[in-house]
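Got your viewer open? Here's a short tour: at each stop, make the selection and have a look around.

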Amino acid sequence: MYVIAPSILSANFAKLGEEIVDVVASGADWIHFDVMDNHYVPNLTIGPLICEAIRPLTQAPIDVHLMVKPVDRIVPDFAKAGANIITFHPEGSEHVDRTLSLIRESGCQAGLVFNPATPLDYMDYVMDKLDVVLLMSVNPGFGGQKFIPATLTKLKAARAKIDAYQRESGRTIRLEIDGGVKIDNIAEIARAGADAFVAGSAVYGAGKDSDAHRYDTVIGALRAELAKV
Ligand code: DX5
Ligand code: ZN
């Protein structure tokens with residue numbers, strides 16, 4: 001029921017294919033794919049070409065997190081490149097409802113991403129178009145930042161909204177958390193309501209010095225913590 005989504009932002013890009021195969025073999029559920037444009041966020045990362053290149057390497061869903069502005073133009077390219085889930089920040093779109101529809105019409109699952117200071121209200125009138133709600137527990141742009149504790153309160157509020165919607169509609173919406181997730185806080189984050197966990201530096205940082213199946217230990221430890229919840 002819980003999803004662990006390693007962020008390849010912290011992978012070794014010189015051997016990205018191997019890093020993806022290894023992390024999935026070590027128990028990752030989704031591949032979290034951080035797209036930054038040096039405009040919406042102060043960093044520049046990877047685009048549809050890389051998504052297309054890694055697509056044949058794994059059956060695991062590719063969870064594309066768009067930190068770009070504007071959003072719409074790039075959505076069809078990611079859909080064609082094999083993305084399964086596409087999430088975006090409401091601040092990056094002029095018309096949030098339209099962008100959600102565009103993602104779903106492209107054949108992908110759609111999600112909204114909330115920065116630490118972005119109110120949850122954006123989700124209220126588009127619940128029927130959401131497959132994922134992603135709360136940022138750091139300000140977007142970089143891996144390896146510290147979890148912002150106020151996100152725990154926000155997670156509880158998001159959980160309540162999603163549960164109410166699920167009861168009335170029968171549809172499931174994932175509640176994903178992104179930023180500063182570690183072995184020592186994942187259980188607390190799950191208790192606050194998250195059910196999908198992005199972990200970049202916690203996973204890829206852990207494998208730096210060892211060899212085969214080097215992500216088994218850290219993903220196993222994250223799951224062991226989740227089993228306590
Ligand atoms: C930050 C990205 C995150 C990042 C998380 O803007 O959206 O996905 O890779 O990295 P960690 O887990 O190291 O905080
Ligand atoms: Zn992300």
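Start with helix α8, residues 216–227. At 1.5 Å a residue, its 12 residues should span 16 Å, and the C-alpha atoms at its two ends are indeed 16 Å apart, so expectation and model agree. Keep in mind throughout that this is a predicted model.

Still on α8, show the side chains of V218, I219, L222, E225 and L226: these are the helix's buried residues. Look down the axis and they fall within an arc of 120°, so they line one face of the helix. Now turn to the other side of α8, where T217 and A227 are exposed.

What do the buried residues of α8 pack against? Colour β1 (3–6), α1 (16–25), α6 (186–191), β8 (196–199) and α7 (201–204), and you have their packing partners.

One of those partners is α1, so select that next. Its buried residues are L16, E19, I20, D22 and V23. They cover an arc of only 165° around the axis, which puts them on the same side of α1. The cover over these residues includes β1, β2, α2, α7 and α8. Just after α1 comes G27, with a positive phi near 110°.

Zoom in on V23, which sits in α1. With a relative accessible area of 0%, V23 is buried. Leaving aside neighbours within four places in sequence, V23 touches P6, A28, I31, V203, Y204, Y215 and I219. I219 should look familiar, as it is one of the buried residues of α8. For a long-range pair, draw a distance from V23 to A199: the two are 176 residues apart in sequence but 11 Å apart in space, C-alpha to C-alpha.

Next, pick H32, in strand β2. Is H32 buried or exposed? It's buried, at a relative accessible area of 0%. Its side chain makes a polar contact of 2.8 Å with the side chain of D63. Beyond the neighbours within four places in sequence, the residues in contact with H32 are A5, P6, S7, I8, D63, H65, L134, E176, D178 and V198.

Two of those contacts of H32, H65 and D178, lead on to the next stop. Select ligand 1 and the 20 residues around it; D34, G144, D178, G200 and S201 come nearest. Then check three polar distances:

- D34: a side-chain N or O atom is 2.7 Å from an oxygen atom of ligand 1.
- H65: a polar side-chain atom lies 3.2 Å from an oxygen atom of ligand 1.
- G180: here a polar backbone atom is 2.8 Å from an oxygen atom of ligand 1.

Switch on a surface if you like: the protein covers 100% of the 380 Å² of accessible area that ligand 1 has on its own.

Finish with two loops. In the one between β2 (31–36) and α2 (48–54), find N38. Its phi is positive, about 55°, although N38 is not a glycine. N38 has a relative accessibility of 54%, and since the cut-off for exposed is over 50%, N38 counts as exposed.

The other loop runs between β3 (62–67) and α3 (75–80), and P70 lies in it. Which peptide bond is cis here? Display the backbone from K69 to P70: that peptide bond is the cis one, with omega near 0°.

Definitions and conventions:
Residues are numbered from 1 along each chain as its sequence is written. Chains are lettered from A and ligands numbered from 1 in the order in which they are written. This is a predicted model: local features need pLDDT of at least 70, side-chain atom pairs count only at pLDDT 80 or more; totals for chains, interfaces and linings use all residues. Side-chain values use heavy atoms; hydrogens and water are left out. Helices (H or I, at least four residues) and strands (E, at least two) are DSSP runs, numbered from the N terminus. The expected span of a helix is 1.5 Å times one less than its number of residues. Buried means under 20% relative accessible area, exposed over 50%, partly exposed in between (1.4 Å probe, protein chains only). The arc is that of the directions from the helix axis to the C-beta atoms. Contact means heavy atoms within 4.5 Å. A residue is near a molecule or strand if one of its heavy atoms lies within 4 Å of it. A polar contact is a pair of N or O atoms within 3.5 Å; within protein, one must be able to donate a hydrogen and the other to accept it, and residues adjacent in sequence count only if both atoms are side-chain atoms. Accessible areas come from the Shrake-Rupley method with a 1.4 Å probe; for residues, only the protein chains shown count as cover.
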